[in-house]
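Reader: I have a structure to read and would like to ask about its strands and its ligand. Please show it first.

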Amino acid sequence: MLGNVALTMLTLLLLQGGLAAGWLIAARALDLSRRSARHWSASALIGAAALALLLMRGWAPDWAAVVLGNTLSVVALLGIRRGLLHFLRQPLRDKECAAVVGLTLAAQLGCALLPEPFAGPARVMAVCVAMAWVLMRCALQSYPALKREFGERRAFLLVSPQVAGVALFLLRGLIGLVPGGPALHALPADTPLNIASALLILLLTLLLHGHLALMVLMRLVRRLRHLSQRDALTGLYNRAEWNRQLEAQHRWLGRFNEPFGVLMIDIDHFKKINDTMGHAAGDAVLLTAAQVLLASARDVDVVGRLGGEEFGVLLPRTEQMAVRRAAERLRQLLCDAETTWRGKQIKLTVSIGAALCNDADESPAHVLERADHALYQAKNTGRNRTVVARLAS
Ligand SMILES: Nc1nc2c(ncn2[C@@H]2O[C@H](COP(=O)(O)OP(=O)(O)OP(=O)(O)O)[C@@H](O)[C@H]2O)c(=O)[nH]1
């Protein structure tokens with residue numbers, strides 16, 4: 001008959017098998033983190049092997065069951081850490097990993113030299129301290145990179161299972177040192193401490209892998225959002241996102257009565273650049289224009305590529321005179337910019353149609369129409385100039 005601890009370990013073993021298969025499938029399906037998913041799959045398999053060895057205690061020699069089982073448990077956690085560091089493009093620190101495995105194995109073998117009844121608890125203590133160390137290093141190394149990518153609160157959420165793991169393993173390992181505390185027995189001995197530990201380790205495994213999956217999903221969502229909002233060539237907002245920002249400015253005007261400006265900027269005779277120097281030269285010019293606009297706009301301004309050789313800039317909290325000044329400044333900067341293409345310098349001029357919206361009753365579509373009409377006038381009156389539309393009210 002299997003005891004409670006052995007049953008929990010068997011459940012954990014099956015769970016690890018499922019996780020290994022799940023990550024393997026994910027590695028095939030996910031384009032963005034294959035190597036990490038393979039690491040996590042291997043880690044789950046090694047974890048399952050460690051549990052199988054520990055469950056064989058009594059049937060197999062101690063060195064095989066406990067020494068190898070404990071060492072493999074540490075290797076499994078190192079696999080999780082390696083996959084995570086790979087995912088975050090952090091140094092993998094292979095030497096440190098090798099040192100941890102070597103020390104764990106040496107400690108497990110060394111415990112055999114201790115007289116009974118100290119050998120067993122010493123092994124438990126040694127493996128728990130090693131596992132707590134691996135999880136602590138994992139949390140400390142990954143947190144700054146997680147914070148950069150996902151922000152402080154989410155990074156904390158993502159490392160929380162590792163922090164909980166450090167607390168769990170330290171508590172389990174060090175409880176044996178408390179005078180009068182419960183005696184430490186290696187798994188799967190059926191003691192109350194082992195039942196609690198096995199259940200908590202099961203929960204921790206679920207949390208660790210669940211948080212890894214959540215992290216992969218969060219990156220995927222961020223990438224998809226980025227792709228859906230950005231223009232592929234210049235990295236500026238695409239037309240759909242720029243329009244959403246325009247509507248947000250319009251709502252802001254309705255709520256706080258803050259007028260905003262709209263600039264529509266169109267490169268003059270762009271077709272000629274494409275026709276004489278090639279499409280790639282045209283792309284380089286578009287990139288230069290995008291960089292100039294991004295570098296010269298204020299932090300609050302919203303720069304987008306509306307299509308072809310047309311750009312849009314939203315100017316929050318602006319007045320009519322300031323719209324003209326901003327448009328002229330940007331036109332001059334774009335005129336001064338040069339694109340070097342295969343040793344040749346390409347210059348460009350732009351025409352700008354500008355409009356100020358200071359009336360929440362005017363729809364965003366109508367503001368765009370006024371700016372577009374002003375652009376049309378700028379093109380028709382000689383190009384390389386700014387035309388500011390009359391106010392709607
Ligand atoms: N290189 C490149 N060309 C593009 C891209 N998108 C659109 N175009 C080209 O941009 C050109 C736009 O030409 P037109 O609309 O005639 O405008 P234009 O030559 O700038 O003339 P005006 O606007 O009247 O001064 C077309 O030849 C398009 O093929 C792009 O992503 N890259």
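Reader: Which strand is joined to S1 by eight bridges?
Author: The model is a predicted one. In it, S1 runs antiparallel to a partner made of residues 350–357. One contact in this pairing links Gly261 to Leu356. The strand joined to S1 by eight bridges is S6.

Reader: How many bridges pair S1 with S3?
Author: Strand S3 covers residues 310–315, and its pairing with S1 is antiparallel. Leu263, for example, has Val313 as its bridge partner in S3. The number of bridges between S1 and S3 is six.

Reader: Are the two faces of S1 covered or uncovered?
Author: In a regular strand, side chains alternate between the two faces of the sheet. On one side of S1 lie Phe260, Val262, Met264 and Asp266, which are all buried. On the other side, Gly261, Leu263, Ile265 and Ile267 are buried too. With eight of eight residues buried, both faces of S1 are covered.

Reader: Which element gives the largest share of the shell around the ligand?
Author: There are 16 residues around the ligand, and among those that come nearest are Asp268, Phe270 and Gly282. Two or more residues of the shell come from each of strand S1 (260–267), helix H9 (270–277) and helix H10 (279–296). The largest share is four residues, and the element that gives it is H10.

Reader: How many residues of the shell around the ligand are charged?
Author: The shell divides into three classes of residue. Four residues are nonpolar and five are polar. The number of charged residues is seven.

Notes: Residues numbered from 1 in each chain as written. Predicted model: local features only at pLDDT ≥ 70, side-chain atom pairs only at ≥ 80, totals over all residues. Near = placed C-beta within 6 Å. Nonpolar A, V, L, I, M, F, W, Y, C, P; charged D, E, K, R; others polar. Buried ≥ 20, exposed ≤ 12 C-beta atoms within 10 Å, placed from the backbone. Pairing = 2+ DSSP bridges.
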